[in-house]
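Subject: A structure for you to explore

Hi,

Here is the structure I promised to pass on. Please open it beside this email and follow along as you read.

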Amino acid sequence: MRDEAITPGLDLKHLEAPLRDDVRQLGWLLGRVIADNRGEAFLERIERIRALAKDARNGAASEWARLSRFLADVPAEDMVDVARAFNQFLNLANIAEQHHLTRQHRDSSAELTLPEDDRLDETLDALDIELVLTAHPTEVLRRTLIQKYDAIAAVLAERDRGRAPEDTENALRRLIAEAWHTDEIRQTRPSPQDEARWGFAVVESSLWQALPRFMRELDDARSTRGLSPAPTDAAPVRFATWMGGDRDGNPNVTADVTREVLMLGRWMAADLFLRDVEVLQASLSMRACSEELIAVVGEVSEPYRELLKRVRGRLLRTRDWAAQLELTPPADPEAVYLNTRDLYEPLALCHRSLVASGMAVIANGPLLDTLRRVAAFGVHLVRLDVRQDAARHTAVLDELTRYLDVSSNGTGYADWPETERQRFLTAELENRRPLFPARWPVSEEGAEVLATCRTVAEGNGAGIAQYVISMAEAPSDVLAVILLLRESGLTRNLPVVPLFETLADLEGAAESIDALLSIPWYRDYVGDYQQVMIGYSDSAKDAGQFAAAWAQYQAQERLVEIAQHHGVRLTLFHGRGGAVGRGGGPAKAAILSQPPGSVAGSLRVTEQGEMIRWKLGLPQLALQTLRRYLSATLEATLNPPPAPTREWRDVIAGMSKSALASYRAVVRDDPSFVELFRSLTPEQELGILALGSRPSRRKPTAGIESLRAIPWVFAWTQVRLMLPAWLGTDTALHEILEHGQTDVLRDMLDWPFYRMQTDMLEMVLAKADTTLARYYAERLTDESQRRTVATLCERLMGLTEDLLQVTGEPRLLANDPELAESLYVRNTYLDPLHLLQAELLARWRDKRMDHEAVEQSLQVTMAGIASGLRNTG
């Protein structure tokens, strides 16, 4: 490796040699591309900035001032490319780390292993894991660049397999040049349809390959435990999406958009299965077959090809129909595939025939892979969740009841107490006559809610996984949606899932579900299965991370008890984000930290924003993710963690109470806090970064309460204070240590829930940086606000000391030197972006420098910081 790389002098000693070499090679090639484009003098300026950043990072206080002055003197016309240089390196470092992760698993021959347990066979057969892809706007990169970065990773993989070094370097240099000369920032927000297409592209490019490989591993693992292969229609892991269905606070997701996305999914599914079937047509040329197959195709020379020809024709017609984007089935519904079983049966017939004819080795080749895909993806590719805020349904029913003058005292549905709402709803659900007039003066917002319900009903819920109710509080919230769907023509008992998000709603969740399951009509509707969604993001914004986590844990415990009492199977749907402040963390640790009995063979969880790319974006990464989910779900089901002791519960309860009060004293009760937040962070400027189709606020108000959890976390991450993930926890931990309970906290590290909280807190503190936070304060806030920031920084540093006292480690990440070194390397490139961002924010707000140039530069710094820290939203 050349010495004159863009990364000279970096201390990468803790990184494994292959990763270290990749980082250096990609950095050097980026330097060459920049020099080719902007000249050696510009590259020298970049290297000077990096060197100053490294000196400042190593503790020379005066170097921060030198770095700041150097960046302030950067000509306006160079600002964008300076920011882009550091941004690009961070993206390349991410690629190197991602590739190294797949290399580690490949070299270690990692494969799925199953525990020894007498209940294993029946548990595997009943396993139900669903990963829900959501369009939360934390993926800052354009799809165009993501594809180029995937191509870079592919070249690295080819090199590992023996591609000539010179060819590798040329290919990498070309791809890096393509990335450098491509605008990394979206100029317009993606539409919900664009987001859905991105989700479908993840299926096409990654999950389509990973799923059958995963199922083959599962069959091999079953065999080692003396079990037969999984049935051909087994789907222990499935996929759903919110992209195009989540209209909570997003006026861009309309009924027409949902209809279009449903049909786009059908089109993509038909197209992908067409490719599979054409491969099978070419290979299944054999003549020998079963009587069952002859009965279907007749006495023909190539029976498998004959049947597959029919399948192919029907898939072609299905694709053509889906392209029209109309949910209404064609005149001859038998001409297209409307349901998954119709597609599965002819392929399964081919499989049975081949096995019966002594050709099992052929049957269990690509044909079995296609059957696995049919079982997992179906004719809809991914099932769609529809989500809407409970208040929108209440508003519709309020309009209706006032128009019909239902109440004798002139009030409307919104004014009624919960008991009266339930009486009205159950009476209407039991009544055969329609409630809604053919025509009535419904508001525009109400009309959209009803249009969405009609869209769901058009295909009797085909392709719809469930209807999720945001900000659910009471049984009436669920009954209201069922009534609206029934009035719209839906006859299927579609799952309607309450999402409990705030602290108060989490505390009342069990009581609400108990009351709901006690209603005879609803109990008949839901049968023996109930799903409840737990909100992590908004509860953490409402109560702080620590108090929210304990409320979520307790809510799950009580929900399990209620489900057992009523004799229903319970699936908990975890609405987790990528960042710790939104419930993020490693999947396996998160699953194993749940209360005992809460993961009883079923799990539903969101995969959000940039985490989709990190965990599912490449086939090998997706395979690893599927392994982790299955292994952790099995372990939590067969060998759940023990319940915490009474002493531990009392300690956590006390800490939670203290953390809640401390968090709200700052975020809610301090009248100057909102202005501090808006001055210190780029929250107001996030709007210029075209992240997603959804507005950053639910309502156009200035308070924290209306701000979505994603920009709340994103903004604090940009200034490296990471406030949502630790504020309040610092007070709770310090108080418990002052009471001499260090040993108790150390014992509690054996409790998976508390261990998870501690590990995630340590990672957050390692990513936080009080020097940078103070720098933002110095550049962007007034004297009073700077004092507040100084206090927050002192609290954060005190928390670090207290946490180390509990863990007994000399420093943060002492047990993970590779992650610590990775953060050190990233900081050398992140620091200039942070200082540039602070400078640009000051210019933006003072309206100095050309506004367009500032805006573009700001966009790049936001994207670069997000990429460098990875789990930012």
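Helices (H or I, at least four residues) and strands (E, at least two) are DSSP runs, numbered from the N terminus. This is a predicted model, in which local features need pLDDT of at least 70 and side-chain atom pairs count only at pLDDT 80 or more, while totals for chains, interfaces and linings use all residues. Residues are numbered from 1 along each chain as its sequence is written, and side-chain values use heavy atoms, with hydrogens and water left out.

Let's start with one residue. Ala-83 is found in helix H4, which covers residues 76-107. Is Ala-83 buried or exposed? With a relative accessible area of 0%, Ala-83 is buried (buried means under 20% relative accessible area, exposed over 50%, partly exposed in between, using a 1.4 Å probe and protein chains only). Leaving aside neighbours within four places in sequence, Ala-83 is in contact (heavy atoms within 4.5 Å) with Leu-833, Leu-836, Ser-857, Val-860 and Thr-861. Ala-83 and Ile-46 are 37 residues apart along the chain, and their C-alpha atoms are separated by 9.4 Å.

Leu-833 and Leu-836 have numbers that fall within helix H34 (residues 817-846), so here is that helix again, because two packed helices are described by the angle between their axes and the distance between the axes. The axes of H34 and helix H2 (residues 40-57) come within 8 Å and cross at roughly 115°. Axes here are lines fitted to C-alpha atoms, for helices over the stretch in contact, and angles run from 0 to 180 degrees between N-to-C directions. The crossing of H2 and H34 is right-handed (a crossing is left-handed if the near helix is turned anticlockwise from the far one by less than a right angle, and right-handed if clockwise). On the H2 side, Ile-49, Arg-50, Ala-53, Lys-54 and Arg-57 meet residues of H34 that include Tyr-824, Asn-827 and Pro-832. By class, this contact has 5 nonpolar, 2 polar and 4 charged residues. Ala, Val, Leu, Ile, Met, Phe, Trp, Tyr, Cys and Pro count as nonpolar, Asp, Glu, Lys and Arg as charged, and the others, Gly among them, as polar.

Now try another pair. Helix H12 (residues 340-356) and helix H13 (residues 360-377) pack at about 170°, with axes 9 Å apart. H12 and H13 are therefore roughly antiparallel to each other (under 35 degrees counts as roughly parallel, over 145 as roughly antiparallel, 65 to 115 as roughly perpendicular and the rest as oblique). Among the residues that meet are Leu-343, Tyr-344 and Leu-347 in H12, and Leu-367, Leu-368 and Leu-371 in H13. The contact of H12 with H13 divides into 14 nonpolar, 4 polar and no charged residues.

After H13, in the loop before strand E3 (383-389), you will find Leu-381. Its phi is near 70°, a positive value in a residue other than glycine. Leu-381 counts as buried, at 0% relative accessibility.

Last come the cores. A nonpolar core is a set of buried Ala, Val, Leu, Ile, Met, Phe, Trp, Tyr and Cys residues joined through side-chain atoms within 4.5 Å. How many residues does the largest one have? It has 129, and those with the most contacts inside it are Trp-712, Leu-721, Leu-733 and Leu-745. H34 gives the most to this core, with 12 residues. Not counting neighbours within four places in sequence, Leu-721 is in contact with residues including Leu-680, Trp-716 and Leu-796. Apart from this core lies another, of 84 residues, among them Trp-198 and Val-311.

Enjoy exploring!
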